Amino acid sequence: MGGASRSEKQRKQAANQRLAAAGITPKQSGPSRGTRIALVVVAAVVVVAGVIGYFVIFNRNSTAPNFAVAASGTVVTAGKADAPVTVDVYEDYLCPVCERFESRYADDITAALNDGKVKVNYHSTAILDSLTTPPGYSTLAANAALCAVPAGIWPAYHKALYDEQPAEKSAGLTAQQLVDIGTKAGATSPDWATCVTGNGNAAAIGAATKAAIANPALLTNGQFGTPTILVGGQKIDLNDSKWLSNAIAGK
């Protein structure tokens, strides 16, 4: 990915430095104060009514994702509709703490999805759009993630967006780089590149971001930050490393 990509070691070192600067030790997994943005809501929340009717089953081998994925508006839902535990993940693909959450919990979440124990709603937000030059990488990446659902590559692409995560205050990844990541992950449809470069979900992602910022259930000390995780509609403390196993055991 040229100068935009980084090795695993370099990326984690950079993320830890940003966390330390924000006053958070590397072992913590809560929302970074550096990634929290408080915005004044000056208009009514826009309700995204369109439903993306894409539904893909992933079943490659015993260690790969083996669950349903569907997209509705800006939310990607993974897992069985009747799973006993519902998890909501609010994320920004530029957020370094979101990368740490993905790195720490992705395998456990995948196992729980494969076993039918949880359903996960992934909410794309773009609170860090201003932290790239040019601005807008968070929205561009969120749009690409939504495009990955009909392309049939969402679990792999979701992981790749964090594996290839650019640094805050960098140029971010270009639309073509995001296309190339998806092609490497297995996207073959000619619509894939058009969907990513067209950034057609940008307005809906912006509206969903404003809605998240205005939702009292998602705020910490009056501010919205990423990642924000809910279990059964209740925000959890990400410093509790057993949040997922406790949620499953409670059912």
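**Figure 1. N199 in the loop between α6 and α7 of the predicted model.** N199 is placed in the loop that runs between helices α6 and α7, and the model shown here and in the other views is predicted. The phi angle of N199 is positive, at about 50°, although N199 is not a glycine. Most residues other than glycine have a negative phi. The relative accessibility of N199 is 23%, so N199 counts as partly exposed, given that the partly exposed class lies between 20% and 50%.

**Figure 2. N221 in the loop between α7 and β6.** The close-up shows N221, which sits in the loop between α7 and β6. N221 is a residue other than glycine with a positive phi, near 55°. Is N221 buried or exposed? With a relative accessibility of 76%, N221 counts as exposed, since the cut-off for that class is over 50%.

**Figure 3. The disulfide of C147 and C195.** The sulfur atoms of C147 and C195 are 2.0 Å apart, and the two residues form a disulfide. The separation is within the 2.5 Å cut-off, and therefore the pair qualifies. By this rule the count for the structure is one disulfide. The angle about the S-S bond is -80°, and the link of C147 and C195 is left-handed. Which parts does the pair tie together? C147 belongs to helix α3 (residues 137-147) and C195 to helix α6 (residues 191-198), so the link joins parts that are 48 residues apart in sequence. C147 is buried, at a relative accessible area of 2%, while C195 is partly exposed, at 29%.

**Figure 4. Surroundings of C195 in helix α6.** This view is centred on C195, a residue of helix α6. Leaving aside residues up to four places away in sequence, C195 touches N143, C147 and G200. C147 is the disulfide partner of C195. For N143, the sequence separation from C195 is 52 residues, and the C-alpha to C-alpha distance between them is 8.2 Å.

**Figure 5. C95 and C98.** Two further cysteines are shown here. C95 is buried, with a relative accessible area of 0%. C98 has a relative accessibility of 2% and counts as buried, because the cut-off for the buried class is under 20%.

**Figure 6. Cis peptide bonds before P134 and P227.** The bond from T133 to P134 is cis, with omega near 5°. P134 is located in the loop between β5 (118-124) and α3. The bond from T226 to P227 is also cis, with omega near -5°. P227 lies in the loop between α7 (202-213) and β6 (228-231), and N221 is placed in the loop between α7 and β6 as well. Most peptide bonds are trans.

**Figure 7. The chain as context for the close-ups.** The secondary structure of the chain consists of eight helices and seven strands. Of the 251 residues in the chain, 49% are buried. Among contacts with a separation of 6 or more, 73% are between residues 24 or more positions apart. The accessible surface of the chain is about 11,600 Å², and carbon and sulfur atoms account for 53% of that area.

Methods:
Residues are numbered from 1 along each chain as its sequence is written. This is a predicted model: local features need pLDDT of at least 70, side-chain atom pairs count only at pLDDT 80 or more; totals for chains, interfaces and linings use all residues. Side-chain values use heavy atoms; hydrogens and water are left out. Helices (H or I, at least four residues) and strands (E, at least two) are DSSP runs, numbered from the N terminus. Buried means under 20% relative accessible area, exposed over 50%, partly exposed in between (1.4 Å probe, protein chains only). Contact means heavy atoms within 4.5 Å. Accessible areas come from the Shrake-Rupley method with a 1.4 Å probe; for residues, only the protein chains shown count as cover.
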